[in-house]
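Work through the exercises below with the sequence and the model open side by side. Each task is followed by a solution that proceeds step by step.

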Amino acid sequence: MIGLNKEIKRVPILPLRGITVFPETVMQLDVGREKSLKAIEECMKEDERLLVVAQKDADVHEPTEEDIYTIGTLVEVKQVTKLREGQVKVFIKGEARAKILTVEKDFVWAEIELLEEQEEVLDAHHEAMLRTLGETFEEYARLNSRISEEMLLGILGLKSTSQMMDVIIANMTLEVDKKQDVLACTNKLERMYKVISILENEIEVLKEQNKIYAKVKKNINASQKEYFLREQIKVIQEELGEKDSNSQEIEIYRKRLAHLNPPQEVLDKLEKEFSRLTKLPPTSPENGFIKNYIESVLDIPWGQLTSEEDSLKKASSLLEKEHFGLNKIKERVVEYLAIKKLSPDIEPPILCLVGPPGVGKTSIARSIAEATGRNYVRISLGGLRDEAEIRGHRRTYVGAIPGRFAYGLSQAKSMNPVMVLDEIDKMMGDFRGDPAAALLEVLDSGQNSHFRDHYIELPIDLSKVFFIATANSLSTIPKPLLDRMEIIEVTSYTLLEKMQIAKKYLLPRQLKKHALQNVKISSAQLEYVIEHYTKEAGVRNLERILGKLCRKAAKELVEANLKQLTITQARIRAYLGQETYMYEKKNEKPEIGIVRGLAWTAVGGDTLSIEVNVMKGKGQLELTGQMGDVMKESAKAAMSYIRSVATTLQIQENFHKEYDIHIHIPEGAVPKDGPSAGITMAIAIISALSKKPVRADVAMTGEITIRGRVLAIGGLKEKLLAAKRAGIKLVILPKQNERTIKEIDASILEELEIVYASTMDEVLEHVFI
């Protein structure tokens, strides 16, 4: 059965003339009516969903509520292409049946209820009906030459009974009211009866048609005479040098093919499609499908390669000119070019740039394309859920299109571009498949030389593509996918780096953009803007702030008729308002039960004041401040360690029975998680129990075990930056992190004393007064 979803949706509505769209079918529509264009426009502003519903009479140009059916299909708009003024081409994919509750007067918006599929109950009667449906459709396909063996197997192979029925009816040439009757049927068993009945009726019609065709072959009649006359016209046209539209287009296709260098398998496939197209009349509906397929295959730049840059010095210079820092990436690209010079057949690396937003991951990829002499194309994977977006749709579906990688090569115009897989960590799987699993073949050097797109149906060589993936975090990327990529960490920028980037790139770009020749800002004021109006790992927001400064300065220049303007701190406050961010400084004096920890966040490093109170009670441990599960477990591990060494620490042995301990991390509305606050919580608890004050100028980070060992942590650069900003003098780090400290810029370590600890005993030596 099918039930109503209680949630009511408000979506744009698109009436269709002579067309009924079913769920899970992909279709191409040409839209030209004013209200329909408005509905498409509103749809793209929202979540790219709209309701398509058939008109009762296709001749009505301006339909009212009485002119449309009440049952339609909620669809996702995949692509909108402008054809000419007042007309667009729209690719849609059906999602679910829906019932119209109300429509607004302007007929652009409607309120709908979704008709939601329920679990099937498979009994003997249902099984018999399903077999009858399959056998009846097989007989219909045998009589109908338009349904190929491939299409038949594709439809019968569908797992969902509802989807099978919808695809069968969608591929039949029927009146709108018959298709609408099937769409509106809410009982799955009753719908199966209707589909079988329609198929049986069509089989009888086809049998009669075949009988008529048999008689026509035996008896010369008017229709056969017309056929012979048309054949004579075709011969006369060829004699005069005139050809029909299909022959002319095939000639154009062959000219395009002459400029490519495709494998023999591609040539054979295209010749087969050319032969099919030659035999079809220009008015055949299949004509458009074959032409779309041929054009998609010809759009792929088979055998076309751009020549790569062979000067390491030139490539290195270009990368330095475009981007400040990011030395690991630049060095890796130059290494690849060097090896390419020694071994021309080497495959390009598959890189994954991991780091916080705004540090230049995507923009460095464009510079890499320019430095290596390759074309550039970007594929956005954020929020991708449908596996068909990677592999393409099968040609059995109406309006099928190639996948993003085949389309990406068409955009790049070469088989060896730099292809950026943006936001690879934000892909998601659902009932339509797992895009990450489909991506495994693309990024596997052993398989991607013969990648097969479901629509193209031919092996596409992706082995020469320079793949660069970008991600904010590795935690959501599946391990098999990570294994195929070379991970390069892109860390947060220091204040000094942000200053250099602002001076060399951001500020000159904004001054040029706003046509400001006589506006000056000093290094001190730039530093003030960075410190008090931005709080980020990268520089994206900094560029926005500088743009705002330039706009305000331009306004003042024009209004006051000034020839020159210097941006002072007073002007910055006037332009941008009061300071947005104030960083928490170290405690003014040693305190009992308050310890400063170091944390990594998506916008860089920060310090956390962990507070502990001890009260008479029954031994309860209270944890507040939006702690995650891992952080809560760290607190419990700290408690177990302290209980095991209570005598050594001169703490009352039965404190865990007689006292309640409350651990709190301020900024309670901000979620916090991770094991790196383990030693900080342990010291805060020890301080509160022993009444010993903790030094105000010390901060620490490290995971604790129940035996008191201190384990390594991540995000070291960002944490040290946060400590320096807070005025911390002594930082306690895990001994295991000593090797990673060498990779951190010396300017960050200035004025910081680093102490390495492998056990809690070593930590305790440095924290108390």
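**Exercise 1.** Determine which residues of H18 and H19 meet, and describe how the two helices pack.

*Solution.* Begin with the residues in this predicted model: from H18 come Leu495, Lys498, Met499, Ala502, Lys503 and Leu507, and they meet Ser523, Leu526, Glu527, Ile530 and Glu531 of H19. Sorted by class, this contact holds six nonpolar, one polar and four charged residues. Next take the geometry: H18 spans residues 495-513 and H19 residues 523-533, their axes lie 10 Å apart, and the packing angle is about 115 degrees. Since angles of 65 to 115 degrees count as roughly perpendicular, H18 is therefore described as roughly perpendicular to H19. Finally, the crossing in which H18 passes H19 is right-handed.

**Exercise 2.** Carry out the analysis for H12 and H13, giving the angle, the handedness and the residues in contact.

*Solution.* The axes of H12 and H13 (residues 361-372) come within 11 Å and cross at roughly 25 degrees. Angles under 35 degrees count as roughly parallel, and so H12 is roughly parallel to H13. H12 passes H13 in a right-handed crossing. On the H12 side the contact is made by Ile329, Val333 and Leu337, and on the H13 side by Ile364, Ile368, Ala371 and Thr372. By class, the contact between H12 and H13 has six nonpolar residues, one polar residue and no charged residues.

**Exercise 3.** Establish the strand order of the five-stranded open sheet, identify its edges, and place the helices H12 and H15 on it.

*Solution.* The order is S8-S9-S12-S7-S13, with parallel pairing. S8 (376-380) and S13 (486-489) each have a single partner strand, so one side of each is left without a neighbour in the sheet and they stand at the edges. From one strand to the next, the twist averages 20 degrees. Looking at one pair in detail, S7 (residues 351-354) and S13 are joined in the parallel sense over four bridges, and Leu353 has Ile488 in S13 as its bridge partner. H12 (residues 327-342) packs on the sheet, where it touches S7, S12 (466-471) and S13, and its direction makes about 145 degrees with that of S13. H15 (residues 404-412) also packs on the sheet, touching S8, S9 (418-422) and S12, with its direction at about 155 degrees to that of S8.

**Exercise 4.** Decide which elements have the lowest and the highest mean pLDDT.

*Solution.* The chain averages a pLDDT of 83, and 92% of the residues score at least 70. Among the elements of the chain, H7 (residues 222-239) has the lowest mean, 63, and S23 (residues 703-704) the highest, 93. Where pLDDT is low, the predicted coordinates should not be read in detail.

Key: Residues are numbered from 1 along each chain as its sequence is written. This is a predicted model: local features need pLDDT of at least 70, side-chain atom pairs count only at pLDDT 80 or more; totals for chains, interfaces and linings use all residues. Side-chain values use heavy atoms; hydrogens and water are left out. Axes are lines fitted to C-alpha atoms, for helices over the stretch in contact, and angles run from 0 to 180 degrees between N-to-C directions. Angles under 35 degrees count as roughly parallel, over 145 as roughly antiparallel, 65 to 115 as roughly perpendicular and the rest as oblique. A crossing is left-handed if the near helix is turned anticlockwise from the far one by less than a right angle, and right-handed if clockwise. Contact means heavy atoms within 4.5 Å. Ala, Val, Leu, Ile, Met, Phe, Trp, Tyr, Cys and Pro count as nonpolar, Asp, Glu, Lys and Arg as charged, and the others, Gly among them, as polar. Two strands pair if DSSP finds at least two bridges between them. pLDDT is the predictor's confidence in each residue, from 0 to 100.
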